[in-house]
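Me: I'm new to this structure and would like a close look at one part of it. Could you walk me through that part slowly?

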Amino acid sequence: MNSLFNLRNVLFLNGISSGATGALLAVFAGTFASWFGVTTPTPFVEVGLFLVAFAALVVAAALLQPSAPGLVRLIIVLDIAWVLVSILVIVLQPFALSLIGNLLILGVAAWVAAMAGLQWRGLRQPA
């Protein structure tokens, strides 16, 4: 497999992107609430803090040598859960989000799905 997309690099990319997204959500929660057309920033802070913690787990997994397949599988399951919940939010519309909010959710879900797929691919590759 191309070394750019080996498991360790993909885990680092997932961890860095998750951490950056989480930090942005937590710090700029009010701005995101406005973009999403909701009145309270609290959910954005909470999701942001979750993503920072998730990012720490993913970066820790990237640093393990040799890799821990069980931990990588857990990360993949969490990524897939994120994508499925995102789809449910878009389809069921429980929060009456703005068009921008829906598009941001879809964009992030597509990125997370790509991370899950690349991680699965990397997990299946011989070391």
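Which residues form one aromatic cluster?

Reply: Keep in mind that this is a predicted model. The cluster you're asking about is made up of Phe32, Trp35, Phe36 and Phe44.

Let's zoom in on the rings. The structure holds four aromatic pairs. One of them joins Phe32 and Phe44, which are stacked, with 6.4 Å from centre to centre and 25° between the planes. Phe32 sits in helix H2 while Phe44 belongs to helix H3, so this pair ties together parts that are twelve residues apart in sequence. As for burial, Phe32 and Phe44 are both buried.

Another stacked pair is Phe50 with Phe54: here the centres are 6.2 Å apart and the planes differ by 15°. These two are four residues apart in helix H3, so about one helical turn separates them. Phe54 is buried, because its relative accessible area is 6% and the cut-off for buried is under 20%. Phe50, at 43% relative accessibility, counts as partly exposed, because that value falls between the 20% and 50% limits.

Now for how the helices around here fit together. H2 covers residues 29–36, and it is among the elements that cover the buried residues of H5, along with H1 and H4. On the H5 side, the buried residues include Gly101, Ile105, Ala109, Val112, Met115, Leu118 and Leu123. With 26 residues at 1.5 Å each, H5 should span 38 Å, and its end C-alpha atoms are indeed 38 Å apart.

H3, the helix that holds Phe44, Phe50 and Phe54, meets H4 too. The buried residues of H4 pack against H3 (42–63), and also against H1 (7–27) and H5 (99–124). Those buried residues are Val72, Ile75, Ile76, Asp79, Val83, Ser86 and Val89. H4 itself runs over residues 69–92, and its 24 residues should span 34 Å, which agrees with the 34 Å between its end C-alpha atoms. Just past the end of H4, Gln93 takes a positive phi of about 50°.

One last stop on H4 is Arg73, which has its place in that helix. At 43% relative accessibility, Arg73 counts as partly exposed. Its C-alpha atom is 16 Å from that of Pro126, a residue 53 positions away along the chain.

So, back to your cluster: Phe32, Trp35, Phe36 and Phe44 make it up, and its Phe32–Phe44 pair ties H2 to H3.

How values were computed:
Residues are numbered from 1 along each chain as its sequence is written. This is a predicted model: local features need pLDDT of at least 70, side-chain atom pairs count only at pLDDT 80 or more; totals for chains, interfaces and linings use all residues. Side-chain values use heavy atoms; hydrogens and water are left out. The expected span of a helix is 1.5 Å times one less than its number of residues. Buried means under 20% relative accessible area, exposed over 50%, partly exposed in between (1.4 Å probe, protein chains only). Contact means heavy atoms within 4.5 Å. Rings of Phe, Tyr and Trp (its six-membered ring) pair if their centres lie within 6.5 Å; planes under 30 degrees apart count as stacked, over 60 as edge-to-face and the rest as tilted.
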